[in-house]
Amino acid sequence: MPKKKSNGYLMFMIEEKKRILAETKQAPSMQEMAVLCNESWKRLSPEERATYNAMAKRANLKGGQDPDLMRLDNQGQIIALRKSAAQEAAMLRTREKQDLVKSWEGQDLLDIRFHVINFQVMYTDEPVDYYLPLEVGMVSFTLRDGITKHLHSFIDAGEVPHGNMHLALKHSENTHKIPLSFEQADSDFLRLWTRLEKFVVSDPHRDDVPPIFCLASEKVIVQSCLDYIHYHARTGEPNIFTRVYALEDLVMSLLLQSGKFTVKPSETQIHDSLLRNQWDYVSSIRCAYHDESDCSYCSLAIVKRLSFAIFDMLSSVLGFKLKEHHMPDESSNQTFTVKLPSSAARRTDTRVKKKKKKKRTMNSEFQPKPAPFELKELRKPNSLSLCHLSDGPNILSVKQNSPGESQSRLQYSTSIRPPPGFGPRPGFPGDSLFRPQVCICDLGSVEGATLASRHSSPEQNGSCYLKAPVDVLRKRSEHLWSCLSGMKVIFKMNCSLSCRYKHGHI
Amino acid sequence: MSDEPVSGRARGRGGRGRGKPQEQQAPGPTQPPAAQPPREGPGPGPAPSVGRGRSKGPPRQQPPQEAAAPIAAPATIVQVPPAEPSVSGRGVHRGGGRERSHASGDVPTEEMARMGLERTYKRRQPYERYVEAAYKEGDKDPHGSYGSKIELVTNYFRVTLPSEFKIWQYHVNFNPEVESIRVKYALIANLDLVIGTVKCFDGGILYLCKMLPNEVTECFATRSYDNAVIKIEIKRVAEVFSTSPQFIQIVNLLFKKVQMAMGMKLIRDHYFNPTQAVKILKHKLEVMPGFSTSILRYEAGNLLGVDIVHKILRIDTFLDCLYNLYYSVGQQDMQIFRAAAVKQFVGTIVMTRHNNKTYRVDDIDWEGRPTNTFEKGGTPMTYIDYFKERWNITVVDQDQPLLVVKPTERDRRRGEIRRTFICFQSCLSEEVRSDFNVMKDLAIHTRIGPDGRLKTLEDFLKQINASQRVKEILSPWQTQLDSKALTIPARQFPAEQLLMKNPKGDLAKITYDIKDADWSRNMRNYKLLNAVNIQQWLLIYPQKLSQPANDLADCLNRVGAGMGMRIAEPTRVELHNDRNDSFLNAIRQNLNQNVQIVVTVAPNNKKDRYDAIKKSCCIENPVPSQVVLQKTLMKKQGLMSVATKIAIQMNCKMGGEVWGVEIPVKGLMIVGIDSYHDSANKGQSVGALVASLNKECTRYYSMTEYHPRGNDALNGLTTLLAVALRKYHDINGFLPQKLVFYRDGVGDGQLEFVYKHEVEQVFAAFTSVGGEGYKPNMAFIIVKKRINTRLFSVDRNQIGNPLPGTLVDSHITKPDWYDFFLVSQSVRQGTVSPTSYNVIYDKTGFQADHMQRLTYKLTHMYFNWQGTIRVPAPCQYAHKLAFLQGQSLHRQFSALLADKLFYL
């Protein structure tokens, strides 16, 4: 029990007790004192009481501090010396970032080689001591050239540890779908380890093995899996992959290195941007097995997706062009046939006419009507500059209810320029587009920050910045709000939108 | 419930309540930090504690009785009634613990007061937590008067407590300390000579009807297993009057005793009746009826609420299942059989019948045999011996594999590494649950109509009152139970009028038959309130589904015409295969700015495809989307009605309105809040807020946030609400003057927390949007669907379900609450379950009538169902949204969709 806090009355009582003891040679108990001193305490002047109070305060300070410092928790550790794991991890990552940036000195960022790794493991659910790798995927890229080589292998991690069958089955079913005894799995750990080493460095005896990257959340898994393979490889050499860094930190450092940011971009944003679902099911980036089972949890596909996301985020900031190795090959999978409605529409119309005369009278009422009140109101943008945000590509604009509009898409696309933020961005082969997106939950991290919003416009060759303090922006309106939230995702470009433009209609 | 500390509640409590007693009897004081609750004597060892050998004719009743004996009282204390241990529920144990500390804290309180310190100690009264906080604004009358008056029967029974009666509460202290609650029971049971037979003991507190002569009574009892003499101090603490809430708690304890006396068995939380179990041999299942009961104070006095619950059990044992599989797989290859068994049985839940506990099978130990040994109290012991000795169960098949169960978090903290079991009776597995035919057969027994239900309940109470044993239990406490269900007044709201448009395009009112609360036929000749014409849309389907997809397009066109919604021919995208990738590519590459909606016809409900499509359409390329299953389209005769429903849904997803109701309040905003856990982001829950934007409450703005799971209150409510308010302002040009919040998904225990946490955030949002001067009137209503209250209508002695629109706001409501029950939905089979509404904050100035009618009107506004639903529509919308995000999206959806009901 912590020491009881003292107070002025207690101090007074103690003094009184001493006095009584000195006078009568017998000390009353504190309980008795409490009654005895009551009256005399009340008779004290405020000044006198204040001195006692001050005494108590001092005693509290002196007595309260030391025991607190030495207090132990239930593990027998001194509480004051306890370190928070989260804080430690954050500090470690800061050091890693500094380390990274230092190693880049004097090099062209675009030519530095990076390695991204991912493991699919047997299970992750419970707090396990070690993770059992079932699949590894790794890519090597430079920003300028894109992905140049990749490594992929299934790993035979042996039998499921006793009692974990349920976890393993569940994890496999929910994610990577790798069967428990898999014929493609490689059990030659030495060969696998050599492959991994060779992939990252030509000579494993060199001192400067570059760091390998993975998502911050998977760092423990990657380290554990590397240890596992290294242990089973029995090379006799130490594990060269001592540095496993967070991919988020890499992106953050690169962004800051570009010199175009005065304000630190939000880490959550980067994380979200890395984990976009855009290429989840692109078949060309997956391994054969996962392509067969149409599963997105393929180590190879994951590292490639992460790399593509990095290219997409950084290409404009660091000024490199996206070439074929910077994007998944989606050309081969034209797996559909499009049937445009024009003629078909007429046919059905006539059929309806023949079959149901009553319906026809209904149909004749389908003259263009004024847009319903609510819709109009809802879609009225608040301020001009923000038009494009409320009239996004998929929100019905009021115009769409007018006749003739739908008949010619071509006319639409030539006469109406897409609003800024949705139009094609010149000077970039993929025509990446910015897409506003709201992440309300993330507000804490931007508050008070200055935000830069890029609007594409041909005149300024694809880049202009808009800076305003958040508070100012926020006060404007909700549209601005959504815009503002969109701006947080400064680096999100939408290749899927761009694909639309490329492939079909404009 | 019987004795072993390994997984019992008593154990957990021991861990929690541990503070001082740690040193006293830790036999191995060498490892103090390990949270090893002290355990006395040869209690079951660390490893396998539970299990019953497979024996084909299992002695089901016997084990518990036998079980109590060896541990608690073999030698000296002989008359341990087997019923005793389970008299008290968990809450009471805790209460007991707390109470104890209070009692001992009384003295210092007085001392402090004597010491003259000015601040008087304000300690929480014991059992204060049973007194519910009042959530009622001053003297506001929570009763309304609108609607025709009717009478309803409830599932409540009056409990008559003595008016002038008091009992004595004692604090029991054991010296040396006894940790096991069962041993305590046994020891106390020995003291009949001193304290009499009429008692109520929960492990810490002892209630007696008489006053013991001394303030502290000291007795001695011998602990059975080691013959240790334990000193028992019974200290008088307080008098409890029959009018106090604490007394109701005691009556609850008594009622549990009553159920035991009726020969019922405790499984988890409720008492079940093994004698009335029905076996369904076809599916090898057994349905055991039981009752959930609670006695609480209501407006009409102390009432006992009873409802029927069912336990579904398997008749065959796990080993039988294994044998079945073995024979069906073909008996040559053990490897194939094992693989099949692992696939089928690992992950299922089994229940061990000797102690009625459930476990998840984590693995099967094929090499293990019941003859294997484990450490028990330091000595090795075979499973066979253990079961024989501990449970008196003979393991017949000594060649069976063992089931492995991983220890839970709590077990691990106790230092338990692994548990193994022998095959036993298993519970209803997921596979069975998803089997439609099985559930249909079960429903005969579990889904009971109102007349059957009421009859069962009244019979139960009659039996209780007729039983002599029950009389012996209840009469010393002067408590009586009615055997006739309580009849209460209620009100019937008329059918609402719905606003739609007639063929000329003018507003028209349609009504419906209150009996069905369904207007799918009534709205046939009317047009949607606000139809969105579809000029351009994508219809994506795999090649082999081109026929149904084309039929759908035609049908949509036709039904759309009838509803005033012009649906043009779609841009058809025919996929060459049905891979996820093809679907996504088709969406991306054909989407342009004019596409209003993407309709996908999917061959089956594969979750990853659905998730991929929704992710693509809600996050990356914000566009409303509709996925239609092939199965739905294959019902040939019903394609038109299917298409009608799909068309309405599409209309809503694009921002249209289907129907409206008249809500005469100006400047009103309705907000629905619900939360759902995210299946991908561990430890996170999605909180969804849906706010109405117009007077008719037909347009909504939807947002979500993430908050840590377990903590049910939303953290980002301020932000969400602020955005909604700004949106409201943009559309209407003014901020709402009145807001009504409907909050779903809050349990009774969290009421206080949610009230403090969320209402505060709401005020913060007001200030952030409208500044200090903006103080709208608002009401915060907790919506509860899972309640045990049932209502029955009586029509010429015919018991039935009350009609939709039935409202109860008296008698069975809480005395200090502003709450009401509303039956808004209509059910075709079974008993209807009313929804409880609890207004915990109200400054709107609405009378109770207004609030009730508003709530009723809002149950009409769910556009995905042409009828009334159980909860106000904004709540249901919020639930849908949270569900979509928690199950499929796993992150924030695009803000461009926020003003549409894209998640319907």
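In the predicted model, C37(A) is buried, with a relative accessible area of 2%. Across all chains, zero disulfides are present. C209(B) is likewise in no disulfide. The nearest cysteine sulfur belongs to C200(B) and lies 9.2 Å away. A disulfide requires two cysteine sulfur atoms within 2.5 Å, so this pair does not qualify. At 21% relative accessibility, C209(B) counts as partly exposed.

Chain B also holds a glutamine with polar contacts to backbone atoms. Q596(B) sits in the loop that links α17 (580-590) to β25 (597-602) of chain B. The residue is buried, at 2% relative accessibility. A polar atom of the Q596(B) side chain lies 2.8 Å from the backbone oxygen of N533(B). The backbone nitrogen of Q535(B) is 2.6 Å from a polar atom of the Q596(B) side chain. The side chain of Q596(B) thus has a backbone oxygen as one partner and a backbone nitrogen as another.

A three-stranded open sheet was also found in chain B. The strand order is β22-β21-β27, and the pairing is antiparallel. β22 (507-510) and β27 (660-661) are the edge strands, each pairing on one side only. Strand β21 (residues 498-501) pairs with β27(B) over two bridges, in the antiparallel sense. Within this part of the sheet, L498(B) has V661(B) of β27(B) as its bridge partner. In general, strands of a sheet pair through backbone hydrogen bonds.

Key: Residues are numbered from 1 along each chain as its sequence is written. Chains are lettered from A and ligands numbered from 1 in the order in which they are written. This is a predicted model: local features need pLDDT of at least 70, side-chain atom pairs count only at pLDDT 80 or more; totals for chains, interfaces and linings use all residues. Side-chain values use heavy atoms; hydrogens and water are left out. Buried means under 20% relative accessible area, exposed over 50%, partly exposed in between (1.4 Å probe, protein chains only). Helices (H or I, at least four residues) and strands (E, at least two) are DSSP runs, numbered from the N terminus. A polar contact is a pair of N or O atoms within 3.5 Å; within protein, one must be able to donate a hydrogen and the other to accept it, and residues adjacent in sequence count only if both atoms are side-chain atoms. Two strands pair if DSSP finds at least two bridges between them.
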